[in-house]
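Me: Could you take a close look at one part of this protein for me? I would like a connected walk through a single hairpin and its setting.

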Amino acid sequence: MAGRTGFEGNIEYFLQAVDNNGNVGMVTLSGQDLAEGGTPYGSTWSGPKTYGITLGDSDSDGMPDAYEAQHACLVNGNDSAADPDYDTLSNLQEFGADTNPCVGDSDGGGDNDGSEKTRGRNPLNKNDDKQLTITVARNGNNRLIGWPVGSGDNSVMTAITSSIAPPPPSLARRQDQSSSDPIRDNQL
Ligand SMILES: [Ca+2]
Ligand SMILES: [Ca+2]
Ligand SMILES: [Ca+2]
Ligand SMILES: [Ca+2]
């Protein structure tokens with residue numbers, strides 16, 4: 001906040017508020033130095049004084065116009081509960097969390113915003129993201145799927161190797177005619 005004031009006569013205030021997204025709101029107030037009820041403070045006044053600054057919200061959905069203008073996926077109308085980036089956080093929740101409502105993984109670390117918020121990670125810092133790397137390997141006619149121990153968030157995600165049986169001969173023959181990629185043909 002920036003301000004200029006005096007203890008008598010006319011005063012002029014410049015108030016500037018900046019939220020975490022860089023949106024700026026500013027009001028200029030001038031006139032006598034008055035208390036909330038209009039009573040002059042006069043020479044007895046001492047600060048601080050507090051003013052509420054409301055950013056414009058034309059569609060009354062809780063997200064200021066300046067925020068909506070920064071994110072193209074937000075529409076004119078109440079879309080506070082919508083989730084256009086499919087990360088399980090509503091637009092209003094993303095506004096509150098300073099995450100990008102149009103990008104599911106705001107920090108680009110591989111773990112989406114909803115997952116991070118639910119599990120206490122920072123959706124604005126890619127260094128704490130968790131990812132699951134799945135490997136597919138061929139073992140004779142079988143395909144082995146696995147992922148590393150401890151790579152998930154709970155005990156279900158322990159080391160697992162699954163074996164998928166090869167397709168029946170009739171299907172395998174049709175696939176052989178359409179493609180030479182056995183992994184794709186098995187639709188893993
Ligand atoms: Ca709005
Ligand atoms: Ca979302
Ligand atoms: Ca992330
Ligand atoms: Ca993160």
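Reply: Happy to. A word on terms before we start: two strands count as paired if DSSP finds at least two bridges between them. Please keep in mind that this is a predicted model.

With that in hand, let us turn to the hairpin of strand 3 and strand 4. Strand 3 covers residues 135-139, and strand 4 covers residues 142-146. The two pair in the antiparallel sense, over five bridges. Going through the partners, Ala137 in strand 3 has Leu144 of strand 4 as its bridge partner, while Arg138 stands opposite Arg143. Two residues sit between the strands, and in this hairpin Gly140 adopts a positive phi near 65°.

How about burial? A residue needs 20 or more other C-beta atoms within 10 Å of its own C-beta to count as buried. Of the five residues of strand 3, zero are buried, so the strand lies largely in the open.

Now for the setting. The protein chain holds five helices and five strands, and from the N terminus on its elements follow the order β-β-α-α-α-β-β-β-α-α. Across the 188 residues of the chain, 13% count as buried. As for contacts with a separation of 6 or more, 27% of them join residues 24 or more positions apart.

To return to the hairpin, the picture is of antiparallel pairing over five bridges, with a strand 3 that has zero buried residues.

Key
Residues numbered from 1 in each chain as written. Chains lettered and ligands numbered in written order. Predicted model: local features only at pLDDT ≥ 70, side-chain atom pairs only at ≥ 80, totals over all residues. Helix = DSSP H or I, 4+ residues; strand = E, 2+ residues; numbered from the N terminus. Buried ≥ 20, exposed ≤ 12 C-beta atoms within 10 Å, placed from the backbone. Contact = placed C-beta atoms within 7 Å.
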